[in-house]
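Trainee: Could you take me through one part of this model up close? I'd like to see how a few neighbouring pieces fit together.

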Amino acid sequence: MTLVALALGVFLSSTAQDQPRTPPVFGVEVENVYIDAFVSSHGVPVTGLKATDFKLRDNGTPQVIELAASDTHPLLAVLAFDVSGSVDRAKLTALRAASHALLESLRPEDKASLFGFGDDVSWAVQPTTDKAQVRQAIEKLVSGGGTTIMDALYAALTLPKSPGRSLVVLFTDGFDNLSWLDWRQIRSVAERSNAVIHVVSLQPPTGPKPAVSSSDSLRWGIYSAANTSTLEFEPAWALRQIAEATGGRYWEAESLDRLKAAFTEIAEAMGKRYILRYAPEGVTQPGWHKVELRLKGRKAEVRTRAGYWVTAKHP
Amino acid sequence: MSWRTVKLESSLSPRLFARRAFLVGCLVCAAVTRIDAGNLFQTAPVAESAPQVAALPADYREFVQQYVSGDHDEALAFLGNWNDERLRLQIKRLKEVVVTIRSCAQCPERQAFVRFPLRAAILLHGDREIQQEFRPPTNEQPPTCGVGLSAEAIVHLSAILKLVDPKAGEFLRPFYLGMSRQARWSHCSVESALWARSGLRMYPNDVPLTMALGVALETGAFFTLAPSPSTPAGGAVLARQGAQLKMQIHSLEEGARQAFEKAARADPNLAEAKVRLGRVQWRLGMRDAARTTLEASLKIGDADSHYLSHLFLGRVLEEASKWTEAETHYRAAIALQPLAETPFVALSHVLFLQGDPEGARDALAAGLEATKHRITYDPWLPYLVTQTNDGETLLATLRRGLSP
């Protein structure tokens with residue numbers, strides 16, 4: 001069996017250059033689709049579920065699913081950390097502690113990789129089972145420069161080779177100001193990856209604090225802070241969209257204390273995810289496959305990726 | 001980074017800020033109406049026999065003279081000791097002087113100001129304005145920006161200078177440009193635009209000032225957070241606010257487009273005008289115009305501007321699904337800046353789009369490796385967030401020109 005639907009594969013079609021084209025689709029042929037899901041009720045993980053507790057639709061067509069043992073699929077945890085100038089010593093210290101908690105939760109066979117981003121993206125540690133190496137690299141992170149969130153996410157999704165499940169944890173304390181790529185491009189890449197993305201934002205871009213103020217020179221004097229307190233801005237919204245498209249989450253850590261809690265929850269959630277497998281039936285067409293996963297007969301929040309891409313078969 | 005996320009703790013209330021902005025804009029316009037060509041500007045000390053500048057207090061004249069002598073810090077400290085009330089009174093007097101001089105070519109006041117070191121006074125107030133109103137952010141923290149009373153003083157002093165000195169433009173053009181660039185370096189986009197506009201009101205066809213205005217607007221658009229594309233849960237009020245914010249960004253980019261277009265028309269060999277015009281045209285959805293402009297920019301300019309043109313052209317073509325053409329431009333950008341990460345990221349993504357994930361991975365890995373050896377700035381990095389304070393360089397040159 002191959003994990004093809006969620007993995008980056010081979011692009012098989014080519015079309016006239018002068019016509020606008022739809023994004024390419026990856027994969028070769030869908031034999032089995034693996035879906036990584038997390039179930040919670042009132043914030044508490046729901047464990048002990050069986051395949052028969054779920055119902056799954058692929059492009060609206062019900063599928064027969066089975067549970068795959070998660071321990072047969074080592075995890076690759078990719079850490080992408082904002083080390084721009086705004087990440088001061090206190091934030092770095094909290095980030096180190098939080099990431100150590102996450103690394104400790106990984107199993108010996110799981111791998112970890114580390115990216116840092118400021119003016120540039122740097123790949124500090126390539127995938128390794130040696131968590132101590134990653135810890136050491138995290139200790140050596142130095143902050144400075146601007147912020148390249150989208151470029152870093154792209155690197156985190158593209159560079160580490162993972163045959164199976166991949167968890168990307170991106171930490172940032174603000175907004176992008178130097179990336180070349182934008183959120184639409186990254187969402188498209190994320191949808192084609194096999195990664196679950198979690199974004200931990202230390203200063204939530206929504207809420208009263210960052211709202212538009214007429215005394216703020218960057219806001220051009222239109223709004224007051226009071227009347228925009230609940231207006232969500234594109235950067236935070238985009239990160240939420242990207243994370244949720246992969247079955248992950250956008251976490252707003254409002255304080256340094258909450259940072260560690262967020263990382264711990266991400267680690268716990270990864271350990272309590274269900275890996276569901278099915279051989280698609282009645283949905284062989286290429287393109288975007290919308291996945292709907294629910295529980296039968298009970299209410300709970302089910303987080304999973306929004307779908308996957310399938311390419312046309314090569315003639 | 002967080003400085004886009006946190007509101008400024010400006011010492012100015014919104015109303016006061018708006019009032020001062022209005023003053024800076026309007027007073028220059030109202031005050032400067034004609035130039036007297038009969039007098040030459042001098043920075044020499046006030047002669048005993050010359051008419052005194054009755055409108056100016058003795059201590060003010062004294063510390064302006066100190067500034068001329070090169071004691072900039074001391075003069076600035078003296079001015080700093082003036083409270084707002086005193087400064088407002090001074091501004092009122094200067095405003096009256098503008099009216100007097102404009103209406104009376106032979107008045108003693110006019111003769112007095114011919115001999116008064118107006119340039120030094122303007123620079124001194126400029127320094128005070130920078131000290132008080134532009135606080136460059138450190139480590140991506142929010143900037144603190146505004147328009148202070150010294151800006152109002154500068155408006156009147158500039159008007160007087162323009163009335164009494166036919167060569168005022170040699171000083172005022174670079175001064176306003178320097179202030180605009182200083183503001184930009186301090187991440188004060190509004191103030192940067194205000195200073196450029198103030199200069200343009202006196203010298204409407206000045207190309208560097210036009211460019212400064214365009215860059216301030218382009219940067220302002222970039223740093224104005226767009227609302228999320230989804231319909232806000234808060235209902236009609238939030239939807240309206242979101243729509244207004246989008247319109248605001250659009251109008252900033254449109255303002256930038258007009259400024260760059262004007263600059264490019266005035267100086268067809270100004271590559272930066274074409275590069276920036278191409279980018280804002282792309283931002284405004286004018287893809288064909290952007291392509292034409294950016295291709296034209298490749299016929300002029302230097303390697304850095306060609307690098308940016310290739311990057312932006314690549315982006316325009318990528319969005320039009322012309323991936324192989326985009327790839328060509330990204331590779332051209334890499335050839336010009338082989339140690340910059342940006343074109344490798346761009347190339348990697350367009351290879352990804354073409355169904356070459358291995359090529360995408362290799363290109364990105366090469367870029368991350370190359371940038372480790374970079375010793376100069378990738379020209380993309382300071383494109384929107386300037387890294388050099390060339391405003392201060394301009395102002396320093398003007399200060400040096402004061403030496404008796």
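Trainee: Are α10(B) and α12(B) roughly parallel or roughly antiparallel to each other?

Mentor: Quick housekeeping before we zoom in. This is a predicted model, where local features need pLDDT of at least 70 and side-chain atom pairs count only at pLDDT 80 or more, while totals for chains, interfaces and linings use all residues. Residues are numbered from 1 along each chain as its sequence is written, with chains lettered from A and ligands numbered from 1 in the order in which they are written.

Now, your pair. Helix α10 of chain B spans residues 207–223 and helix α12 of chain B spans residues 271–283 (helices are DSSP runs of H or I, at least four residues, numbered from the N terminus). Their axes come within 11 Å and cross at roughly 30° (lines fitted to C-alpha atoms over the stretch in contact, with angles from 0 to 180 degrees between N-to-C directions). α10(B) and α12(B) are therefore roughly parallel to each other (angles under 35 degrees).

Who's touching whom? On the α10(B) side look for B:Met211, B:Gly214, B:Val215 and B:Glu218, and on the α12(B) side for B:Glu272, B:Ala273, B:Arg276 and B:Val280 (contact: C-beta atoms, placed from the backbone, within 7 Å). That contact is a mix of 4 nonpolar, 1 polar and 3 charged residues.

α12 of chain B also has helix α13 (residues 287–297) of chain B to deal with: the buried residues of α13(B) pack against α12 and α14 (303–319) of chain B. Those buried residues are B:Ala290, B:Arg291, B:Thr293, B:Leu294 and B:Ser297 (buried: 20 or more other C-beta atoms within 10 Å of a residue's own).

Terms used: Helices (H or I, at least four residues) and strands (E, at least two) are DSSP runs, numbered from the N terminus. Angles under 35 degrees count as roughly parallel, over 145 as roughly antiparallel, 65 to 115 as roughly perpendicular and the rest as oblique. Two residues are in contact if their C-beta atoms, placed from the backbone, lie within 7 Å. Ala, Val, Leu, Ile, Met, Phe, Trp, Tyr, Cys and Pro count as nonpolar, Asp, Glu, Lys and Arg as charged, and the others, Gly among them, as polar. A residue is buried if 20 or more other C-beta atoms lie within 10 Å of its own, exposed if 12 or fewer, and partly exposed in between; C-beta atoms are placed from the backbone.
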